[in-house]
Amino acid sequence: MELAGVGIDLGGTSIKMGVVTPEGEVIARNEFATPDGPARPAVAELARQVRQLINSTGLPAERIGSVGVGTPGILDPQKGIVRSASNLVGWVDVPLGDWLADALGRKTKVINDAHAAVMGEIRFGTARGIRDLVLLTLGTGVGGAVVVAGQVVVGNRGLAGELGHMRIEMSRPRPCGCGLFGCLEAYAGAKNILKRMHEALADDIQEISLLKEKSKTAPLTVEDLFWAANEGDGIMLGLVDETALALAAGIANLLHALNPKAVVLAGGVSRSPLLVEKVREYLPDLVLNPAYLEDFRLETSGLGPDAGLLGAAAAAMGLSG
Ligand SMILES: [Zn+2]
C-alpha cells in the first residue's frame with residue numbers, strides 16, 4: 001500500500017515540494033529557488049530534488065506513490081504539457097509530465113496551480129466536503145479556481161478561473177497588469193493595493209498617515225497598510241474599505257453566476273481580519289436576493305502557502321487511487 005504522494009508547487013521564484021500522507025500531513029518538505037534557464041535541465045533538477053526528498057523520509061521508495069505538480073501558465077492537463085508560462089521564462093510546450101515520469105519512474109499529474117490550491121482546500125482545508133466553491137487567491141495578483149458539483153471548472157480551452165480579471169469598474173477604471181482596465185486585480189491584488197497606497201500618501205499633504213514617515217525610508221507592504229488601518233489611520237482605513245468593496249463586488253458576481261456554498265480567500269491580502277469583515281458587511285447590499293447568502297460561508301484559507309503542494313499531492317494520490 002502506498003503511504004504518501006509527492007506534491008510540488010512550481011512557482012516562478014521558488015519551488016515547494018512535500019511528501020504528503022492521505023490525511024494531509026507533510027512528512028518531508030523542501031523549498032528551493034526555481035532554476036533559471038531552459039526547461040530541460042530545470043526539470044532534471046526538479047526530479048533530482050524529488051528523489052532526494054523521498055530518500056529523506058527513510059520510507060521505502062515504493063511506498064511513496066505518484067507525483068503531482070501544480071504549475072502556473074497555460075497547460076494541456078491531459079498531456080501534462082506546459083504550453084506557456086509568463087513566470088517560467090523559456091517554457092514553451094514543455095512535456096513536464098512525461099519528463100518527470102521518465103526521470104522518476106512514477107505516474108505524474110500536472111495541474112494548474114490555482115486548481116492545485118483549490119484541491120488542497122477541498123481535501124485538507126477549510127472547504128473539506130464542499131462541492132460548490134470558489135477560491136480567490138489574493139497575492140501579488142488575483143487568481144482563483146471554481147469548483148462546481150465537485151469538479152474544478154477548466155472551460156473550453158482550459159482558461160477558466162481567471163477571476164482576477166473580471167471587470168468590476170467601468171467608469172474611470174484603474175489599469176490592470178494584464179493590459180485591461182477595471183479588473184478586480186487592479187483593486188485587490190497586493191501590487192495594485194501598494195500602488196494606491198503610494199498615491200494616497202502622495203496626496204496626504206498634511207502628513208497625517210502613520211505610514212508617511214516610513215514610506216520615505218523603507219518599502220511599504222500590505223502588512224503595513226493593515227497594521228495602520230487597525231491603528232485607526234484614516235487614509236489606510238479608506239484603502240482597506242475600497243479594497244473590501246471591490247472584493248465584495250467580485251464575490252457578488254461569483255455568487256450570482258455560480259451560487260457557491262463557500263468562497264475561500266487565500267494569499268497575503270486575505271490575512272487581514274479587518275478586510276474580510278468589511279467584505280462580509282458589504283455583501284448583503286450587493287446581492288440580488290438574500291438567499292445567496294443563506295447558508296453561504298466566506299472563509300479564509302487555513303492551509304496558507306502549503307495549499308498548492310497539498311492539492312498537487314491530492315491530485316497525485318487520486319491517480320494511485
Ligand atoms: Zn486584468
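**From a strand pair to the shared core**

In strand 10, L136 has G144 as its bridge partner; strands here are DSSP runs (E, at least two residues) and helices likewise (H or I, at least four), numbered from the N terminus. The model is predicted: local features need pLDDT of at least 70, side-chain atom pairs count only at pLDDT 80 or more, and totals for chains, interfaces and linings use all residues. Residues are numbered from 1 along each chain as its sequence is written.

Strand 9 (residues 133-138) and strand 10 (residues 142-148) run antiparallel and are joined by six bridges. They belong to an open, mixed sheet of five strands in the order 11-10-9-12-13, where pairing requires at least two DSSP bridges between two strands. Strand 11 (151-152) and strand 13 (297-300) each have a single partner strand at the edges, so one side of each lacks a neighbour in the sheet.

Helix 5 (residues 190-203) has A190, N192, I193 and M197 buried, that is, with 20 or more other C-beta atoms within 10 Å of their own, whereas exposed means 12 or fewer and partly exposed lies in between, with C-beta atoms placed from the backbone. The buried residues fall within an arc of 160 degrees seen down the axis, so they line one face of helix 5; the arc is that of the directions from the helix axis to the C-beta atoms. On the other side, H198, E199, A202 and D203 are exposed.

The largest nonpolar core (buried Ala, Val, Leu, Ile, Met, Phe, Trp, Tyr and Cys residues joined through C-beta atoms within 7 Å) holds 91 residues, and those touching the most other members include L135 and A312. Helix 8 (residues 234-258) gives the most to this core, eleven residues.
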